[in-house]
Amino acid sequence: MKASEIKKGNVVEHANGVWQVRDIERSAPQGRGGNVTYRFTLYSVPGGTKLDLSLRAEDELKEVELVRRAASFSYRDGEAFVFLDDEDFTPYTLDPEALGDAAGYITEGLTGCYVQLIDEAPVALQLPATVALEVVDTPPELKGGTATKRPKPARLSTGIEVMVPEYIGNGEKVLINTATGEFSGRA
């Protein structure tokens, strides 16, 4: 597959690894004999390590077939996370290393996930845009404070910490954006 044919979301093989294309920047120099170059922002599958790669339009990369299957979190098997396929209930086991930061957003009964497979083997997980998590520890709201919004730290049921608005208390469920890791509302 030529560099000029690659689109965002494609999965390619490069430097003995598998990478997903997240961003493409095209530059075409003006003047005689200018070669069009493409700058790709790639993330490794699994792992999510970032790589910047520049190629000319005629350079080639091998495309890898990545299958996405809708799945729901089922249970933990030791350290590993087990997801069940929403259609045929095939179990997919993913290690915490394959999940990376996503492990902090996985709770009992989480739905709307996609397990990414290469050659029938699970390699990565795509989370829903937001997940609802319970606040287990946050300082109390300060009474008589100013009218400004002051964020405060909150530890969630999965162990991750985020900044939440002052009015959020212990035991409340909050929506967390899985792409940025930020508070996005009450659940």
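**Exercise 1. Is E87 buried or exposed in this predicted model?**

*Solution.* Start with the cut-off: a residue counts as exposed when its relative accessible area is over 50%. Next, take the value for E87, which is 65%. That's past the cut-off, so E87 counts as exposed.

**Exercise 2. Which residue forms a salt bridge with E87, and what parts does the pair tie together?**

*Solution.* Step one is finding the partner. That's R69, and the closest N and O atoms of the two are 3.7 Å apart. A salt bridge needs a side-chain nitrogen of Lys or Arg within 4 Å of a carboxyl oxygen of Asp or Glu, so the E87 and R69 pair makes the list.

Step two is placing both residues. E87 lies in the loop between strand 7 and strand 8 (91-94), while R69 lies in strand 6, so the pair ties together parts that are 18 residues apart in sequence.

**Exercise 3. Follow R69 to D85 and D88, and work out which residues share its network.**

*Solution.* Go to D85 to begin with. Its side chain meets that of R69 in a salt bridge, at 2.7 Å from N to O. R69 belongs to strand 6 (residues 67-77) and D85 to strand 7 (residues 80-85), so this pair ties together parts that are 16 residues apart in sequence.

Now try D88. Here the side chains of R69 and D88 meet in a salt bridge at 3.9 Å, N to O. With R69 in strand 6 and D88 in the loop between strand 7 and strand 8, the pair ties together parts 19 residues apart in sequence.

Put it together: a network of salt bridges links R69, D85, E87 and D88. In total, the structure has six salt bridges.

**Exercise 4. Sort R69, D85 and D88 into buried, partly exposed or exposed.**

*Solution.* You need two cut-offs: buried is under 20% relative accessible area, and partly exposed runs from there to 50%.

- D85 has 2%, so it's buried.
- R69 has 23%, so it's partly exposed.
- D88 has 46%, so it's partly exposed.

**Exercise 5. How many aromatic pairs are there, and how are the rings of Y38 and F40 arranged?**

*Solution.* Count the pairs: there are three. For Y38 and F40, the ring centres are 6.2 Å apart and the planes meet at 15°, so this pair is stacked. Then check accessibility: Y38 is buried at 9%, and F40 is buried at 1%.

Compare the rings of F73 and F81. Their centres are 5.9 Å apart with planes at 55°, so they form a tilted pair. F73 is buried at 8%, and F81 is buried at 3%. Finally, add F83 to the picture: F73, F81 and F83 form one aromatic cluster.

**Exercise 6. Which residues lie over the faces of Y43 and Y114?**

*Solution.* Take the rings one at a time. Over the face of Y43 you'll find R22, at 4.3 Å from the ring centre. Over the face of Y114 you'll find R68, at 4.3 Å from the ring centre.

Terms used:
Residues are numbered from 1 along each chain as its sequence is written. This is a predicted model: local features need pLDDT of at least 70, side-chain atom pairs count only at pLDDT 80 or more; totals for chains, interfaces and linings use all residues. Side-chain values use heavy atoms; hydrogens and water are left out. Rings of Phe, Tyr and Trp (its six-membered ring) pair if their centres lie within 6.5 Å; planes under 30 degrees apart count as stacked, over 60 as edge-to-face and the rest as tilted. Buried means under 20% relative accessible area, exposed over 50%, partly exposed in between (1.4 Å probe, protein chains only). A charge sits over a ring if NZ of Lys or CZ of Arg is within 6 Å of the ring centre and within 35 degrees of the ring normal. Helices (H or I, at least four residues) and strands (E, at least two) are DSSP runs, numbered from the N terminus.
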